[in-house]
Amino acid sequence: MLWAADPTQAIQDEWKFNLKNAYLYRDYDNPNVKNFGSWSQGISLFYTSNLHDTPLMIADKPFRIGADASVQYAVRLSGDRHVSDMMLPFDSRTQSQAADYSKYGATLKLGYDKTLLSLGELWLDLPVTTSDASRQLITSYWGTNLKSQISEQLYAELGRVEKVSPRNEEDFRKFSFTSNGRTEYSDGLNYLDLRYQVTPALKAEYYFGNLEDLYNKHYLGLEHSWKQPTFSLNSKLKYFSAKNDGPNFEIDAQNIGVLEMLKVNNQSFGLGYQQIVGKSAYPLPDGFLPELYFINWNATGFFKKNERSYHVMYGYDFKDYLPGLNAMVKYVYGHKFKTATGENNHETESNVLVNYTFQQPYLKGFAIQYLRVDYKVKYGNDFGEDRFFLNYTKRF
């Protein structure tokens, strides 16, 4: 099975209608820190077009053309708490949260043989650029990318991303990075992503991204799958390196991670380790853009300077008892990092995640998700957080 299929053949003409009712509330133990959260309703429509042949031919193969489009809208159902919850837009000058917000975009697609060129709104799942759907409306990007299945084993993608529309903002804007109270902007992200199927069980990925005037990122990942009749073992090894591009910041950080996932019947067991090395914390662009490629990505980031983190996971699929229901618990411990004043610090995070997809024919398309987060830190602010999502998706 190929890691990445021919990008021109994977496209199907489709409309996707989505309703998302989202609730989030974070409760800090420290009474001097304001709790935050909101309840909102989102409605979105996404159109993906097939590629249609044009009269232009080269080597008996036609150039093909298509177009995608998206419209997203959300309205706040709860009162304004006058504090940012990273869910809806927040105006720091007036200390007010938007009552509603929207996003929209379109993409022109040009295909030839096993190569696809996209211009406009991009939905990316790569280091630096993840289409984050963990809150209300989804993060998207604006730019150009080229995908190609070069051979049966090798897949390549390169592009230039000029702007981002974060999950809690409306418009597309330039990338930016903030450190020690200083914010600088970038004219764009230039990237290359290569994926190679070494063997049927082993795949490799290399990524390079240049966030102009901010920093460069390298990523190398290996993933191995070992499947047996009674169990399967998935192993991941990941390495990230980030260094400043230009004189604006001093960035020098590496992230090394390993993850082992064992699946036995309906049970899943996970054990992971992640370490940040170098002269700085690992950098992330502004806009709450998560780095989902990390071995360990949580509600709180375990990517502080010199931090080492260990995590254990357990998951269960209740398909034999209640089809559509699955749950996961995760515990993370991070240490070896310091506070701004030099004290040794450590932190923990516990997660409980429950998903249920309704199986009844008259409720087809409905799904619910609940996430509980408990965060503890020696020097800092402990909190508990609840997230609840009710989704409805209709494809036609």
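**Strands and a buried glutamate in a predicted model**

Phe337 belongs to strand β20, residues 325-338. The model discussed here is predicted.

Student: Is Phe337 buried or exposed?
Tutor: Its relative accessibility is 3%. Buried means under 20%. Because 3% falls under that cut-off, Phe337 counts as buried.

Student: Which residue, 44 residues from Phe337 along the chain, has its C-alpha atom 22 Å away?
Tutor: Take the C-alpha atom of Phe337 as the starting point. A separation of 22 Å leads to the C-alpha atom of a residue 44 places away along the chain. That residue is Tyr293.

Student: Which glutamates does Phe337 contact, leaving aside neighbours within four places in sequence?
Tutor: The contacts of Phe337 include Lys304, Lys305 and His346. Asn344 and Asn345 are also among them. The glutamates in that list are Glu307, Glu343 and Glu347.

Student: Where does Glu307 sit?
Tutor: Strand β18 covers residues 267-278, and strand β19 covers 308-317. Glu307 falls in the stretch that links them. Its place is the loop between β18 and β19.

Student: Why does Glu307 have no salt bridge with Lys304?
Tutor: Glu307 is buried, and Lys304 is its nearest side chain of opposite charge. A salt bridge needs the charged atoms within 4 Å. The pair misses that cut-off because the distance is 4.1 Å.

Student: Which residue has its backbone nitrogen 3.5 Å from a polar atom of the Glu307 side chain?
Tutor: The side chain of Glu307 supplies one polar atom. The other atom is a backbone nitrogen, 3.5 Å away. It belongs to Phe303.

Student: In which sense do β1 and β23 pair?
Tutor: Strand β1 spans residues 14-28, and β23 spans 383-395. They are joined over 13 bridges, one of which links Asp27 with Gly384. The sense is antiparallel.

Student: How many residues lie between β22 and β23 in their hairpin?
Tutor: β22, residues 366-377, pairs with β23 in the antiparallel sense over 10 bridges. Tyr370 stands opposite Phe388 in β23. In the turn, Gly380 has a positive phi of about 155°. The number of residues between the two strands is five.

Student: Which residue in the turn between β11 and β12 has a positive phi?
Tutor: β11 (175-179) and β12 (182-186) pair in the antiparallel sense over five bridges. Ser176 has Tyr185 in β12 as its bridge partner. The hairpin has two residues between its strands. The one with a positive phi, about 55°, is Asn180.

Terms used
Residues are numbered from 1 along each chain as its sequence is written. This is a predicted model: local features need pLDDT of at least 70, side-chain atom pairs count only at pLDDT 80 or more; totals for chains, interfaces and linings use all residues. Side-chain values use heavy atoms; hydrogens and water are left out. Helices (H or I, at least four residues) and strands (E, at least two) are DSSP runs, numbered from the N terminus. Buried means under 20% relative accessible area, exposed over 50%, partly exposed in between (1.4 Å probe, protein chains only). Lys and Arg count as positive and Asp and Glu as negative; His and the chain ends are not counted. A polar contact is a pair of N or O atoms within 3.5 Å; within protein, one must be able to donate a hydrogen and the other to accept it, and residues adjacent in sequence count only if both atoms are side-chain atoms. Two strands pair if DSSP finds at least two bridges between them. Contact means heavy atoms within 4.5 Å.
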